[in-house]
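Here are my notes on the model, in numbered points. Please read them with the structure open.

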Amino acid sequence: MQTLAEALKQLLAGVEPVAGEEFRPTAQCAGRVLARAVQSTMDVPPADNSAMDGYAIRLTDAGQERLVAQRIPAGQMPQALPDGGVARIFTGAFVPAGAEAVVMQEQCAARTDSEGRTWVRLPESIPAGQHVRRRGEDILAGSELLACGTRLGPAHLGLAASVGLAELPLRRRVRVALFSTGDELVMPGEPLPPGAIYNSNRFTLRALLEQLGAEVVDHGIVPDRLEATRQALADAAAGADLVMSSGGVSVGEEDHLKPAVESLGRLDFWQVAIKPGKPFAQGRLRRGDGSEALYVGLPGNPVSSYITFLLLARPLLLRLCGCADHEPRRLRLPAAFEWRRPDPRRQEFLRVRLQPDGRLALDAHQGSGVLSSLAFADGLAVLAPGQTVQAGELLDYLPLSELM
């Protein structure tokens, strides 16, 4: 067995992002990956503007009563501030020439004279630049706005929109061909014969792939026969960057993926020292034109399939789509449980939930076929081979939100 670190290093070696890029409207880019860096075409803010509703003033007028010479709402160009006058100004409005600070309306005393003019008495002490957002203090024209390889979230899209970018250059979506193996598998909605089970992996893996921005082609369920498995792999490789299967990666008489993959290309490794998820296959499949598609074979047990996807297939997919960073953030949190049955050879990933008191609660059922443990969990507690756990002990915690 290979360690997870060894397997991941080998899995990613020589893998380059898929070729091709496209421009898409900024509003449609969530979850996609930038194909190249984007520079700002303007300063943000484009001019000095007010951070408060109040009055734009000169510092020499502090402590004085001054006439309100103009009213400046956001979106209106102001006139220069006259001597002896102040400007009524609102949040986001451009600061007029001559103004040196903004005073909040709550700090001023306003009155209206007999001619209907408004006067305000200003506070005695006013710091220079108070409540003024300076031109370019957020973004400078010509600076790098978003780096190549950024996986775009809501804040990134807002940032692009703030400098007027209506579209963005994206890596094309990674095409993933997905299928399951097993004569025992039945689709939800169909009658369940004796000895059969419903195919949950197909739904879990497709959702995970689509959350990561992949274009998924579903090839359905493949029978447990060598030639059928070989044909499914060849058909899937013809139109995909990555072929992913679940089930059939053990070494039993009914597990045909290993010889089928080797007949079409090569298999680079077979077992990883993690629990759940030891059986894992990765290799390459030759296409008819001599090019290759990547292949990943996940175990059939639903928890094993899920965990190996997050720990191994996810980094591979992010590398293919050109994402600059695939390393998830880990926390150190105390356990609210004891663990007395460690695996002496494999790194373990226990399904846990973060409690309101900041401790990690363990799902009682940690078997590789217990899908309910994943619905319970919001993260994984990571244990070294042979590690036991005492209540209160600090553990590495991987939030599932970091892996989606």
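**Notes on the predicted model**

1. Gly54 stands opposite Ile89 in β6. That pair sits in the match of β4 (residues 54-57) with β6 (residues 85-89), which is antiparallel and has 3 bridges. Keep in mind that this is a predicted model.

2. β4 and β6 belong to an open sheet of 6 strands. Its order is β7-β4-β6-β5-β9-β8, and the pairing is mixed. At the edges are β7 (101-104) and β8 (109-112), each paired on one side only. From one strand to the next, the twist averages 40 degrees.

3. Another open sheet of 6 strands runs in the order β16-β13-β17-β21-β20-β18, again with mixed pairing. Its edge strands are β16 (215-222) and β18 (265-271). Each has a single partner strand, so one side of each is left without a neighbour in the sheet. Here neighbouring strands are turned by 15 degrees against each other on average, direction ignored.

4. Start at the β16 edge. β13 (residues 175-181) pairs with β16 in the parallel sense, over 6 bridges. Within this pair, Val176 has Val216 of β16 as its bridge partner.

5. What is the burial state of β21? Of its 7 residues, 6 are buried, so the strand is largely enclosed by the rest of the structure. β17 runs parallel to β21, joined by 5 bridges. β20 runs antiparallel to β21, joined by 6 bridges.

6. Tyr295 is a useful marker in β21. Val243 has Tyr295 as its bridge partner. Gly283 also stands opposite Tyr295. In the general case, side chains in a regular strand alternate between the two faces of the sheet.

7. The hairpin of β20 and β21 has 5 residues between the strands. Gly290 in this hairpin takes a positive phi near 95 degrees.

8. Which strands does helix α5 cross? α5 (residues 257-264) lies across β13, β17 (242-246), β18, β20 (279-286) and β21 (292-298). Against β18, the helix runs at about 145 degrees.

9. Now the empty space. Rolling a probe the size of a water molecule over the atoms shows where such space is left. A search of the whole structure gives 1 cavity of 30 Å³ or more. The largest cavity has a volume of about 80 Å³.

10. Which residues line the largest cavity? They are Gly31, Arg32, Val33, Arg171, Arg172, Arg173, Val174, Leu212, Gly213, Ala214, Leu317 and Cys321. By class, the lining has 6 nonpolar, 2 polar and 4 charged residues. Check the charged positions when you inspect this site; Arg32, Arg171, Arg172 and Arg173 are in the lining.

11. Cys323 is found in the loop between α6 (302-320) and β22 (331-334). Is this residue buried or exposed? Its relative accessible area is 13%, under the 20% cut-off, so Cys323 counts as buried. Leaving out residues up to four places away in sequence, Cys323 touches Val33, Gly149, Arg151 and Leu318. One of these contacts, Val33, is also in the lining of the largest cavity. Cys323 and Ala35 are 288 residues apart in sequence, yet 9.1 Å apart in space, C-alpha to C-alpha.

12. Leu333 has its place in strand β22. Leu333 is buried as well, with a relative accessible area of 16%. Not counting residues up to four places away in sequence, Leu333 touches Leu354, Gly358, Leu360, Glu393, Leu394, Leu395 and Tyr397. Gln76 is 257 residues from Leu333 along the chain, and their C-alpha atoms are separated by 52 Å.

13. Two peptide bonds deserve a look. A cis bond joins Val44 and Pro45, with omega about -5 degrees. Pro45 lies in the loop between β2 (38-39) and β3 (49-50). Another cis bond joins Lys275 and Pro276, with omega about 0 degrees. Pro276 lies in the loop between β19 (274-275) and β20.

14. Last, a backbone angle. His131 has phi near 60 degrees, a positive value in a residue other than glycine. This residue is found in the loop between β9 (118-121) and β10 (132-133). At 23% relative accessibility, His131 counts as partly exposed.

Methods. Residues numbered from 1 in each chain as written. Predicted model: local features only at pLDDT ≥ 70, side-chain atom pairs only at ≥ 80, totals over all residues. Heavy atoms only, no water. 1 Å grid on protein atoms, 1.4 Å probe; cavity = no way out; pocket = protein on both sides within 12 Å on 5 of 7 lines; lining within 4 Å. Points joined across faces, edges and corners; volume = space filled by probe spheres on them. Nonpolar A, V, L, I, M, F, W, Y, C, P; charged D, E, K, R; others polar. Pairing = 2+ DSSP bridges. Helix = DSSP H or I, 4+ residues; strand = E, 2+ residues; numbered from the N terminus. Axes fitted to C-alpha atoms, helices over the stretch in contact; angles between N-to-C directions. Contact = heavy atoms within 4.5 Å. Buried < 20%, exposed > 50% of the residue type's maximum accessible area, 1.4 Å probe, protein only.
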